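Subject: Structure handover

Hi,

Here is the structure I promised to pass on to you. Have a look at it first, then read on for what turned up.

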Amino acid sequence: MTSPEQPTVALPGDVRMPLLGFGTWQATGEAGYDAVLAALDAGYRHIDTATMYGNEKEVGRAVRESGLRREDLFVTTKLPPDRVGRERETIEASLDALGLDHVDLWLIHWPPSSPGDSIPVWRELLAARDENLTRAVGVSNYSISQIDELIQATEETPAVNQIRWSPSLYDRQTHAAHRDRGVVLEGYSPFKTSDLADPVLARIAGAHDVSPAQVVLRWHIDHEIVVIPKSVTPERIRANADVFRFSLTAEEMRDIDALGG
């Protein structure tokens, strides 16, 4: 299992997903391989990739060469929206590139452009899960109404919805709507939409002797929202992983939530 300092959230089927993951968008080629290897060395045990990123081969190579046991790692990949009707072929290609016999989470990367395609695609993801090609399935960039459509059609709830998220995008209703449905909220681009110079973040960072970026990551974790920062800089990769030595007070959490107002 993941090391004790790595908090996880439960997904259906007795799957544990680390709340901190490593994002690999735009991390391609040798730089992508080096970044994933650095992340695993820094303590990340959750790696997020996608067919669309074009780096599954490098991610797989880093996973193999890390020397870590497969059961200690959580690997996510995603189905591009233009692969409607070719879902099985796509997951098999992903597994081949990654050098794995299964992933831990497979997501629909974006809702298909034709709304009528969403349910058939979702059924194909469920079939892949039932055939043990992936341990859990979910969606990315879906609205609550689009999630409800899948649940109503199949009585199967996506385990995860990966969306853009940060303190400045915090929305209590969106957060609660996911929780009420049993969908784990996973946030990407935590820094791109954050003002790391915000006085609230600076004050809280100073109180814990950490950086504002580390505060943003810890805020996700303390909300039990999965977060996947990305970087190809070894120092930043290590700093982003070093968020388990402190936690935020209820008052600090409320102050950060208020940035989304």
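**Helix α4 and its neighbours**

The buried residues of α4 pack against β5 (74-79), α3 (87-98), β6 (103-108), β7 (134-140) and α5 (144-154). Before you go further, keep in mind that this is a predicted model.

Which residues of α4 are the buried ones? They are S118, I119, V121, W122, L125, L126 and A128. The helix itself runs over residues 118-130, so to speak 13 residues in a row. From its first C-alpha to its last, α4 reaches 19 Å, which is close to the 18 Å expected at 1.5 Å a residue.

Now step just past the end of α4, and you meet N132 with a positive phi of about 65°. Most residues other than glycine have a negative phi. N132 is one with a positive value, and it is not a glycine. You'll find N132 in the loop between α4 and β7. Is N132 buried or exposed? Its relative accessibility is 60%, and the cut-off for exposed is over 50%, so N132 counts as exposed.

S189 is another residue to click on: its phi is also positive, about 50°, although S189 is not a glycine. S189 sits in the loop between β9 (184-188) and α7 (199-208). At 15% relative accessibility S189 counts as buried, because buried means under 20%.

**Two residues with UniProt annotations**

The UniProt entry is unreviewed, and it gives Y53 the annotation "active site". Y53 lies in the loop between β4 (46-48) and α2 (56-65). With a relative accessible area of 14%, Y53 is buried. What does Y53 touch, leaving out residues up to four places away in sequence? The list is T24, W25, T28, D48, K78 and H109.

That last name, H109, comes up in the record as well: the unreviewed UniProt entry lists H109 for "binding site". H109 is placed in the loop between β6 and α4. At 5% relative accessibility, H109 counts as buried. If you again skip residues up to four places away in sequence, H109 touches A50, M52, Y53, K78, L79, P80, P81, S140 and N141. So that you can check it on screen, look for K78: it is in the contact list of Y53 and in the contact list of H109.

**Two pairs of helices**

Next, try lining up α5 with helix α6 (residues 172-181). Their axes come within 11 Å and cross at roughly 10°. Angles under 35 degrees count as roughly parallel, and therefore α5 and α6 are roughly parallel to each other. On the α5 side the contact is made by I144, I147 and D148, and on the α6 side by A177, H178 and R181. Sorted by class, that contact has three nonpolar, one polar and two charged residues.

How do α7 and helix α8 (residues 212-222) pack? Their angle is about 90°, with the axes 8 Å apart. The range for roughly perpendicular is 65 to 115 degrees, so α7 and α8 fall into that class. L201, A202, I204 and A205 of α7 make the contact with P212, V215 and V216 of α8. The residues of this contact divide into seven nonpolar, no polar and no charged.

**A link across the chain**

V227 is in strand β10 (residues 226-227). At 0% relative accessibility, V227 counts as buried. How far apart are the C-alpha atoms of V227 and P18? They are separated by 9.1 Å, although the two residues are 209 residues apart along the chain. Not counting residues up to four places away in sequence, V227 touches L19, L20, G21, G187, P190, L217, H220 and I221.

**The annotated domain**

Finally, the unreviewed UniProt entry has the annotation "domain: NADP-dependent oxidoreductase" over residues 20-259. Over that stretch the chain is 45% helix and 15% strand. The C-alpha atoms at the ends of residues 20-259 are 22 Å apart.

Have fun turning it around on screen!

Key: Residues numbered from 1 in each chain as written. Predicted model: local features only at pLDDT ≥ 70, side-chain atom pairs only at ≥ 80, totals over all residues. Heavy atoms only, no water. Helix = DSSP H or I, 4+ residues; strand = E, 2+ residues; numbered from the N terminus. Expected span 1.5 Å × (residues − 1). Buried < 20%, exposed > 50% of the residue type's maximum accessible area, 1.4 Å probe, protein only. Contact = heavy atoms within 4.5 Å. UniProt positions renumbered as here; feature names shortened; annotations may be inferred. Axes fitted to C-alpha atoms, helices over the stretch in contact; angles between N-to-C directions. Parallel < 35°, antiparallel > 145°, perpendicular 65-115°, else oblique. Nonpolar A, V, L, I, M, F, W, Y, C, P; charged D, E, K, R; others polar.
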